[in-house]
Amino acid sequence: MKVHIVRWRLQFGLALTLPITRRRAVILSRKWPIPEKTRKHEMCHTRQIERWGVPGYWARHIWARIVTRNFYAANHPVETECYAAEDQ
């Protein structure tokens, strides 16, 4: 997958992964260079895009936020997988 990392002034969170196609994604990061833990977390999301495709990725992430009623959805499997990746 081709990943572009862009510095961006986010109003929330530290970084955000946006799928463009199944083979391309953009990571928007508030900090530059991107912190190692954050990079690992966002790269986990790029693997999710490859595994589920763009529609599947969006559907799972939107559903996680609905179910948890929280923007970060930290206790939902789509995010816990990536929080675990930070420590590897």
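This tour moves through a predicted model from its largest pocket to a disulfide and then to three residues with less common backbone geometry.

Residues are numbered from 1 along each chain as its sequence is written. Local features need pLDDT of at least 70 and side-chain atom pairs count only at pLDDT 80 or more, while totals for chains, interfaces and linings use all residues; side-chain values use heavy atoms, with hydrogens and water left out.

**First stop: the largest pocket**

Select Ala-15, Leu-16, Glu-42, Arg-65 and Glu-79, which lie nearest the centre of the largest pocket among its 22 lining residues. A pocket here is an open set of points on a 1 Å grid over the protein atoms alone, where a 1.4 Å probe fits, with protein on both sides within 12 Å along at least five of seven lines; lining residues have an atom within 4 Å of a point. The volume is about 490 Å³, taken as the space filled by probe spheres set on the points, which are joined across faces, edges and corners.

Next, colour β2 (15-21), α1 (36-68) and α2 (77-86), each of which supplies at least two lining residues. Helices (H or I, at least four residues) and strands (E, at least two) are DSSP runs, numbered from the N terminus. The greatest contribution comes from α1, with 10 residues. By class, the lining has 11 nonpolar, 6 polar and 5 charged residues; Ala, Val, Leu, Ile, Met, Phe, Trp, Tyr, Cys and Pro count as nonpolar, Asp, Glu, Lys and Arg as charged, and the others, Gly among them, as polar.

**Second stop: the disulfide**

Show Cys-44 and Cys-82 as sticks: a disulfide (a pair of cysteine sulfur atoms within 2.5 Å) joins them, with an S to S distance of 2.4 Å. This pair links distant parts of the chain, from helix α1 at Cys-44 to helix α2 at Cys-82, 38 residues apart. The link is left-handed, with -75° about the S-S bond. Both cysteines are buried, that is, under 20% relative accessible area with a 1.4 Å probe and protein chains only, where exposed means over 50% and partly exposed lies in between.

**Third stop: the backbone**

Most residues other than glycine have a negative phi, and most peptide bonds are trans. Select Trp-32 and Pro-33, where the peptide bond is cis, with omega near 0°. Pro-33 is in the loop between β3 (24-29) and α1.

Move to the loop between α1 and α2, which holds Arg-69 and Ala-73. Neither is a glycine, yet Arg-69 has a positive phi of about 55° and Ala-73 one of about 45°. Arg-69 counts as exposed, at 78% relative accessibility, whereas Ala-73 is buried, at 0%.
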